[in-house]
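Q: I've got a new model open and I'd like to learn to read it feature by feature. Can you walk me through it?

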Amino acid sequence: MYEDMKSRVEAVVKSCGLSLDRVMEPEFQYAFRKWTPDFTRLQHPTVIQILLDNNADKDVAGGVMPNLIYVSREKNNLKPHNFKAGALNVMLRVSGLMTNGDIVLVLDCDMYSNYPETPLLALCYFMDPNADPKLGFVQFPQRFDGINKNDIYASELMPETQILSLGMDGLLGTVFMGTGGFFKRDVISDNSPCGVTTGSIQTKLNAIKSKDVLVLAHEVASCNYEDHTKWGSQIGFRYGTITEDVYTSFRLHCEGWKSVLCNPNRAAFLGGSPSNFNDGLTQNKRWYMGFLEIFFNKYCPLIYGVRSMNPLHALCYTHYTLRSFWSIPIIIYAFLPQISLINSVPIFTKVRILYTIK
C-alpha cells in the first residue's frame, strides 16, 4: 500500500499535475475535479471533503471511526484572508455546523500527539465541579523534537514555554501559544446555534453529508461571510496582528476569561522547530512584528490591559509585546567588549584602593 501511494505521489510531482486516470476511488475523483487550471494557492473556491463519517465508517475491528473533514476556505486576491486567525475562524464555523463539539483543539500541522491521555487531562479541568466557571482554555506547553543537544538557535523557547508561562499561570492564566490549546467553543465563538450567525442546522437532525449542511458549510467558509460581522473583532480569533495567538488570549483575559497551564511530565504534543539560523531569524522577526502590532493598537496591554485585567497580568503581556527591544542591549553586549578591546578602552572604571596607615 505504501509503495503504491509513493509511486502515485512521485508521478504527480514529476508531471506537475494530476491525471484523474490514476485516481480509482469515485469520491476522490469528485474531490480532485475541483482543482481546475484557475485554482491557485491564493485564488480558489471553498473545498469541503468528508473523509470519514462516524455514522458510516468503521475500522477493521468494527469500531466507529471519528468524523474527519478536510476544509479549505475560499481565497480571493481582492479580499484579506487574515492569515491563521482567518483560517481558524472558518474552522470554528464549519465544525460548528457539521459536528458542533463543545471543546475545540487548536494544533499546528507540524505538531503531533505524544501523550494519548492529553484530552483526558484537559477534560479534567473543564469537567471539574469545583473549576472556575470562567475557565476559557487549557494550554499545554509547546515542546519540540529534533533539537540538537546544545540548542544553538534557542529553538526550544524555554523562557516562553517553561518560565514565563508558569508565572502567568499564577495570575489569570498563561497565554495561548498558537498550538496545543483546548478551548470551550462558547468562549471563542458566539452563542448562536452551531456558532453561526445566519440560519441554523442542527447536525443531530441532519447528516453531515446532507445537502443543507454542505450548502451552509460552504457559505460560512466563503471570503465574504465575515463582512459586517463581529468575527475577528469580538468573536473568534482576533484579527489585527500576525501573532493572533497571544492577541486572542489577551483579549479573552480582558473579557474576564481565565486559562490554565497543564504541564505533564511527558510532553503532550511535539513538533518541528527551526533547524538553521535563517529559519530561526525569520520566525522571530515575524513574532516580534506581531507583538509590536499588539502594543501599538487600541488594545495596548499597557493602557487597555491595565484597565481591564489584573495590572500584573497586563504587565506580563506588555513584557511579551515589547520583546523586540531586547535587541538593543543584546547588540551592545555583543559588540561593546570587542570595540573596547580593539581601542584599548576599558569598559569598567578602575578600582582604586586607598590604604590608611594609623
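A: Sure, and keep in mind that this is a predicted model. Let's start with a cysteine: Cys 124 has a relative accessible area of 53%, so it is exposed.

Q: What is the closest cysteine sulfur to that of Cys 124, and how far away is it?
A: The closest one is in Cys 262, 8.4 Å away, which is too far for a bond. A disulfide needs the two sulfur atoms within 2.5 Å.

Q: How many disulfides does the structure hold?
A: Zero. While we're on cysteines, Cys 109 has a relative accessibility of 84%, so it goes down as exposed too.

Q: Let's move to the sheet. How do strands of a sheet pair?
A: They pair through backbone hydrogen bonds, and the pairing can be parallel or antiparallel. Here, four strands make an open sheet in the order β3-β6-β5-β7, and the pairing is mixed.

Q: Which strands are at the edges?
A: β3 (103–106) and β7 (258–261), each of which pairs on one side only. Going from one strand to the next, the twist averages 25 degrees.

Q: In which sense do β3 and β6 pair, parallel or antiparallel, and over how many bridges?
A: Antiparallel, over four bridges. To find one of them on screen, pick Ile 103: its bridge partner in β6 is Lys 184.

Q: Which helix packs on the sheet?
A: That's α4, residues 118–127, which touches β3, β5, β6 and β7. The direction of α4 makes about 155 degrees with that of β5.

Q: Now the rings. How many aromatic pairs does the structure hold?
A: Twelve. Take Phe 137 and Phe 176 as one of them: the ring centres are 6.3 Å apart and the planes sit at 70 degrees, so you'd call this pair edge-to-face. The angle is what decides here, because planes over 60 degrees apart count as edge-to-face.

Q: Where in the chain do Phe 137 and Phe 176 lie?
A: Phe 137 is in strand β5 (residues 135–139), while Phe 176 is in the loop between α5 (158–169) and β6 (181–184). The two parts are 39 residues apart in sequence, so the pair ties them together.

Q: Is Phe 176 in a second pair worth a look, and what are the distance and angle between its ring and that of Phe 183?
A: Phe 176 and Phe 183 have ring centres 4.9 Å apart and planes at 85 degrees, so this pair is edge-to-face. Phe 137, Phe 176, Phe 183 and Phe 237 form one aromatic cluster.

Q: Are Phe 137, Phe 176 and Phe 183 buried or exposed?
A: Buried: Phe 137 has 1% relative accessibility, Phe 176 has 0% and Phe 183 has 1%.

Q: What about charges over rings: which arginine lies over the face of Trp 231?
A: Arg 93, at 4.8 Å from the ring centre. Another case is Arg 251, which lies over the face of Tyr 299 at 3.8 Å from the ring centre.

Q: One last stop: where does Val 23 lie?
A: In the loop between α1 (2–15) and α2 (26–32). Val 23 counts as buried, at 5% relative accessibility. From Val 23 to Ile 331 you cover 308 residues in sequence and 56 Å in space, C-alpha to C-alpha.

Conventions:
Residues are numbered from 1 along each chain as its sequence is written. This is a predicted model: local features need pLDDT of at least 70, side-chain atom pairs count only at pLDDT 80 or more; totals for chains, interfaces and linings use all residues. Side-chain values use heavy atoms; hydrogens and water are left out. Rings of Phe, Tyr and Trp (its six-membered ring) pair if their centres lie within 6.5 Å; planes under 30 degrees apart count as stacked, over 60 as edge-to-face and the rest as tilted. Buried means under 20% relative accessible area, exposed over 50%, partly exposed in between (1.4 Å probe, protein chains only). A charge sits over a ring if NZ of Lys or CZ of Arg is within 6 Å of the ring centre and within 35 degrees of the ring normal. Two strands pair if DSSP finds at least two bridges between them. Axes are lines fitted to C-alpha atoms, for helices over the stretch in contact, and angles run from 0 to 180 degrees between N-to-C directions. Contact means heavy atoms within 4.5 Å.
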